[in-house]
Amino acid sequence: MYLCRACARLQDGATDTCHRCGAQAILGHPELLALSIAHIDCDAFYASVEKRDNPQLRDKPVIVGHPGGRGVVTTACYIARRFGPRSAMPMYKALELCPHAVVIPPDMAKYRRAGGAIRSLFLKATPLVEPVSLDEAYLDLSAGVRLVDHPPAVLLARLALAIERDVGVTVSVGLSYNKSLAKLASDRDKPRGFSIIGRAEAKSFLAPLPVTAIHGVGAATAKRLADDGITVVGQLQALPEEALVSRFGKFGRALAHAVQGDDPRRVVPDRPARSISAETTFRRDLSDLEALAEALRSLTERVQDRLKRARLAGGTVVLKLKTADFHSRTRQDQLPHPTQRAEVIFQHGLQLLRREIDGRAFRLIGIGVDRLVPAEAADPPDLFAAS
Ligand code: TTP
Ligand code: MG
């Protein structure tokens, strides 16, 4: 399967140019539709925001940082990087390497606003957004979690385009099956990258990388490994797990898994979603209770699925209906106890629905929950259930 990054659509054939938009931005991968964990990182973030706000800087080398002797570079744009300046470098040194650079003092409030705008776009795709910093986040776009029913690769291409259009900065996207690999992927072809690491190539991708590419391997561990003559991941892959356990204890076990491309860490959202819902528009308008209830039942299954994946429960059930002439109604019902269960949501939704049946035809029904709480607070054990 192939993805056109320019129009964010999928196509079958292996061509250089998109069948639909004609752009030469085709990305192919055998696991394109099987991967759903993403890492997105803005390109030269502070410098990109400054270039957005002053187009005269577009083709110039830009360094963001406090000018003067003791300042350091926060970031350098990709043009400046060709001459050597990098983040954390003393400013005087950066200017020795690139004397014609334009130096701009940082404007944190502005970068926070841009970061917030980007975050809002992420949250339109999935509630499972884990920010790492202002310009960087992990997204879980698995089926049942994502809010828009398109393959993750398509959602990511759309997001990258939306961020460019609405926020005015470019991003690099990494798509894989866990956080570590998604992060390595996003770093792989910056700027404006879109890189995919599938299960089939994870091990061989990791093999030539320095050991510090592995999550959890810092300078101290790298030093101990170097003392053993180990510098690249491939050498660790060749060792039996027990060898790493005896050398590093519990961390050794995690390390043994990590070098094989395993990473059990989940994407943990920093802020709870406000509501979780599902809705459907009918092909033909419906007016009778039975047909509407049937649609309601399958939607509550989807809501349950999403709640479970997000490890949340809802305290209020919200029913949404749209009449054939496009009038929306929402009705809600507070639950005695927050729930994750489709059956509970369905029963409450059905009660609400019954009151709305008056012979009128509906074109859309939706059901959801809000007042979300962590799943642990949900559904007290049923005293009468078998167990
Ligand atoms: P990064 O994402 O590390 O860097 P970047 O976005 O500038 O460039 P890249 O394309 O390689 O991702 O950091 C995001 C912002 O954080 C960066 O624009 C400036 C700031 N920052 C610092 O202030 N000091 C630092 O040492 C680093 C690394 C970043
Ligand atoms: Mg960045």
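**A friendly note on this structure**

1. Let's begin with the overall layout. The protein is divided into four parts: domain 1 (2-43 + 111-196), domain 2 (45-108), domain 3 (209-258) and domain 4 (275-384). Please keep in mind that this is a predicted model. Between domain 3 and domain 4, the C-alpha centres are 49 Å apart.

2. Next, have a look at the magnesium ion (ligand 2). From the protein, its donors are Asp41 (OD), Cys42 (O) and Asp135 (OD), at 1.9 to 2.3 Å from the ion. Along the sequence, these donor residues follow the spacing D-C-x92-D. Both Asp41 and Cys42 are buried.

3. Why is the arrangement around the magnesium ion (ligand 2) octahedral? The six donor atoms subtend angles of 76 to 177 degrees, and the arrangement is octahedral because of these angles. For comparison, ideal angles for six octahedral donors are 90 or 180 degrees.

4. Now to the interior. The largest nonpolar core has 77 residues, and Phe122, Leu139 and Phe194 are those with the most contacts inside it. Helix H5 (residues 152-167) provides the largest share of this core, with ten residues. A second core, separate from that one, has 33 residues and includes Tyr138, Leu335, Phe346 and Ile365. In soluble globular proteins, nonpolar side chains tend to be buried together.

5. Leu139 is a good residue to click on. Leaving aside neighbours within four places in sequence, Leu139 is in contact with Ser36, Ile37, Ala38, Ile40, Phe122, Thr126, Leu128, Val129, Leu159 and Val267. One of these partners, Phe122, is also listed with Leu139 among the residues with the most contacts inside the largest core.

Technical notes
Residues numbered from 1 in each chain as written. Chains lettered and ligands numbered in written order. Predicted model: local features only at pLDDT ≥ 70, side-chain atom pairs only at ≥ 80, totals over all residues. Heavy atoms only, no water. Donors = N, O, S within 2.8 Å, 3.2 Å for Na, K, Ca; no water. Tetrahedral: all angles 85-135°; square planar, octahedral: opposite > 155°, others 65-115°. Buried < 20%, exposed > 50% of the residue type's maximum accessible area, 1.4 Å probe, protein only. Core = buried A, V, L, I, M, F, W, Y, C linked by side-chain atoms within 4.5 Å. Helix = DSSP H or I, 4+ residues; strand = E, 2+ residues; numbered from the N terminus. Contact = heavy atoms within 4.5 Å. Domains from an automatic or database assignment.
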